[in-house]
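Subject: Structure handover

Hi,

Here is the structure for you to load. My notes on it come straight after.

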Amino acid sequence: VLACDPGEISDDIAAGLGSLLLSQPVMVILRAGAPGTPASRLGQAICGTDSIAGRSLRWIHHAGGRTWSLRTSLGGCQLELKAHSEIWATLDGAPLIVARKIGRGFVVTLAFHPSLARDTDGSATALIRHLLTFGSQAPVAWLDFSNSLILRMDDPGAAQNAYHHCWPYPALDESNWASIQGELRQREARLSIAYTPGWVDDGDPARGSLTVANHRPERGPGRIHPSPLVQYQQHADGAPGKLHDYQGEYRGIQRLRAGGLGDVELHGYTHMHPDTVAWAAAADRYEEISWFRDFGPAAKDVLARMPVAQHPLTLGVGMLKKHFGIFPTTLVCPGDEWTDEVLWIALDLGFQLVDSYYLALRDGDRFCWATHVCSPYLNEPDAAWFDSGMPVVGYFHDCEPSLEGVGWIAGCLDNWQKAGANRFMDFRELASATGRHLSLSRSKHGMNLSVVSENAPELVHPLEIMIRSPNEELPESVSACVDGATMQLSVERLENNCGRVIVGQRA
């Protein structure tokens with residue numbers, strides 16, 4: 001996939017791809033280029049001056065015929081085709097995806113910009129997904145997360161709800177967490193709890209009294225305590241006020257985890273500026289939102305002076321390991337603020353995913369942003385989110401169930417189910433799947449599936465893998481090598497030479 005402007009494709013790149021196509025059954029995908037460019041010469045399809053638009057997508061390639069009715073009109077360029085081009089997909093009858101055979105492979109040219117199309121209608125993403133699986137000339141294996149909603153709750157463990165004037169509410173208590181467990185269990189759902197393990201003391205006994213592990217510690221402005229051990233009694237004009245019982249919250253989360261209903265991920269170390277002493281001394285410490293961010297641009301200079309061992313990411317991971325006995329799979333940065341340096345450290349620490357409005361997946365030593373995976377708020381259910389065939393992240397804060405009751409979550413989940421959600425996942429389940437590299441190949445002995453873990457966590461549930469072999473019927477079983485162990489897996493045969501196998505299923 002040449003994920004760049006077609007004008008950036010050089011003669012050398014085009015020549016190298018041409019040589020590859022002669023010897024390998026690969027599919028090269030690029031956007032249509034201007035006349036006379038290496039891209040247009042390679043694909044023999046030119047982006048003309050006229051445009052096309054429509055709402056009816058149709059896949060007409062010989063395998064896997066399908067149509068999509070768009071909710072919003074999609075645009076593209078009119079393609080000028082040379083000889084021997086095959087039309088694989090159309091938009092209101094006009095060529096939208098065309099292919100040219102070279103040697104053993106195909107050059108596939110798109111008449112549209114995938115990112116613009118993604119923002120126009122989710123079905124454009126579904127078409128690209130269909131191209132990658134049904135356009136392949138070689139056997140292919142892939143993961144299917146259609147109609148899946150990843151549940152993410154932010155802020156448990158954090159202190160900002162005890163301090164920030166615009167964000168005041170008590171931590172969820174054990175009865176709240178028990179009710180959440182019930183809602184998850186009846187839907188066979190899992191919840192990712194984006195937890196903040198470091199609780200910051202403002203050092204002011206007039207505003208509230210603090211106990212840590214049921215003892216009263218020496219108060220210190222900016223001092224950090226483990227969130228699972230904290231109870232904070234907030235005062236108002238000297239009278240007892242709200243109790244923030246993070247101990248009870250911790251017990252509730254642990255019961256949820258023990259029930260197999262989700263797990264914790266990292267939501268910053270303290271959800272506050274890394275110079276916590278400076279925060280405690282600032283006149284605007286209870287009003288200015290920028291104080292409640294660990295990793296944003298405002299914290300960059302302070303973070304740059306910290307050794308990696310004392311970096312908030314490192315400390316946050318250590319705190320989760322100590323109190324929850326687990327390494328997080330996913331980083332959720334407070335306020336969706338981070339710098340490139342923060343992501344480099346996250347890679348070094350071993351994170352598999354980073355979630356913001358979009359989702360970053362680890363690929364070797366880099367994060368790749370999957371901008372086709374979006375994160376609407378949990379109270380924004382819509383069937384359109386599932387048009388893409390990609391998983392959707394439904395996120396919210398502990399604020400809503402704290403102030404409005406757990407019924408708020410239940411109502412949102414009911415509405416997502418009405419919108420088409422039939423699977424509720426957490427990030428650990430996703431990371432256990434996406435952290436495994438899949439490949440399918442033929443041999444004289446039959447079909448061979450390879451599943452290789454790249455430091456992925458253990459499977460939360462059995463892993464369903466879709467497979468397809470063009471131009472031939474799938475066998476009743478495939479030989480699989482899963483992290484070095486060989487086994488035979490039964491194939492559930494589906495239409496269009498597709499099938500499904502399951503890894504990790506109990507006998």
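The notes below cover pockets, a sheet, a helix and a serine.

Please keep in mind that this is a predicted model.

Pockets first. The largest pocket has a volume of about 1,900 Å³. Its lining takes in 48 residues. Nearest the centre of that pocket lie Val1, Ile128, Leu132, Ala370 and Met390. Several elements give two or more residues to this lining. The helices among them are H3 (114-120), H4 (122-134) and H14 (427-434). The strands are S1 (27-31), S7 (140-142), S18 (359-363), S19 (366-370) and S22 (436-443). Which element gives the most to the lining of the largest pocket? That is H4, with five residues. By class, the lining of the largest pocket holds 29 nonpolar, 11 polar and eight charged residues.

The second largest pocket holds about 630 Å³ of space. Here 30 residues form the lining. Arg423, Glu429, His461, Pro462 and Glu464 lie nearest the centre of this second pocket. Two or more lining residues come from each of strand S21 (423-425), H14, strand S24 (463-468) and strand S28 (498-503). The class split for the second largest pocket is 12 nonpolar, nine polar and nine charged. Note that H14 appears in the element list of the largest pocket and in that of the second largest.

Next, the sheet. It is open, has four strands and runs in the order S7-S24-S28-S27, with antiparallel pairing. Which strands sit at the edges? They are S7 and S27 (492-493), each of which pairs on one side only.

The pairings, taken along the sheet:

- S7 and S24 are antiparallel over three bridges. Ala141 has Ile467 in S24 as its bridge partner.
- S24 and S28 are antiparallel over six bridges. Met466 has Arg500 in S28 as its bridge partner.
- S27 and S28 run antiparallel and are joined by two bridges. Arg493 stands opposite Gly499 in S28.

As background, strands of a sheet pair through backbone hydrogen bonds, either parallel or antiparallel.

Is S24 mostly covered or mostly open? It is mostly covered, with five of its six residues buried. S24 also gives two or more residues to the lining of the second largest pocket, as does S28. At the edge of the sheet, S7 gives two or more residues to the lining of the largest pocket.

Now helix H11, residues 340-349. Which of its residues are buried? They are Val342, Leu343, Ile345, Ala346 and Leu347. What covers these buried residues? The cover includes helices H9 (300-304) and H10 (312-324). It also includes strands S16 (330-331), S17 (353-355), S18 and S19. S18 and S19 are listed for the lining of the largest pocket too. After H11 comes Gly350, whose phi is positive, near 110°.

Last, one serine. Ser402 lies in helix H12, residues 399-404. What does the side chain of Ser402 reach? It reaches the backbone oxygen of Pro170, at 2.7 Å. Leaving out residues up to four places away in sequence, Ser402 touches Tyr169, Pro170 and Leu172. Pro170 is thus named twice for Ser402: by its backbone oxygen and in the contact list.

Best wishes

Note on methods. Residues numbered from 1 in each chain as written. Predicted model: local features only at pLDDT ≥ 70, side-chain atom pairs only at ≥ 80, totals over all residues. Heavy atoms only, no water. 1 Å grid on protein atoms, 1.4 Å probe; cavity = no way out; pocket = protein on both sides within 12 Å on 5 of 7 lines; lining within 4 Å. Points joined across faces, edges and corners; volume = space filled by probe spheres on them. Nonpolar A, V, L, I, M, F, W, Y, C, P; charged D, E, K, R; others polar. Polar contact = N/O pair within 3.5 Å; in protein donor to acceptor, adjacent residues only side chain to side chain. Contact = heavy atoms within 4.5 Å. Buried < 20%, exposed > 50% of the residue type's maximum accessible area, 1.4 Å probe, protein only. Pairing = 2+ DSSP bridges.
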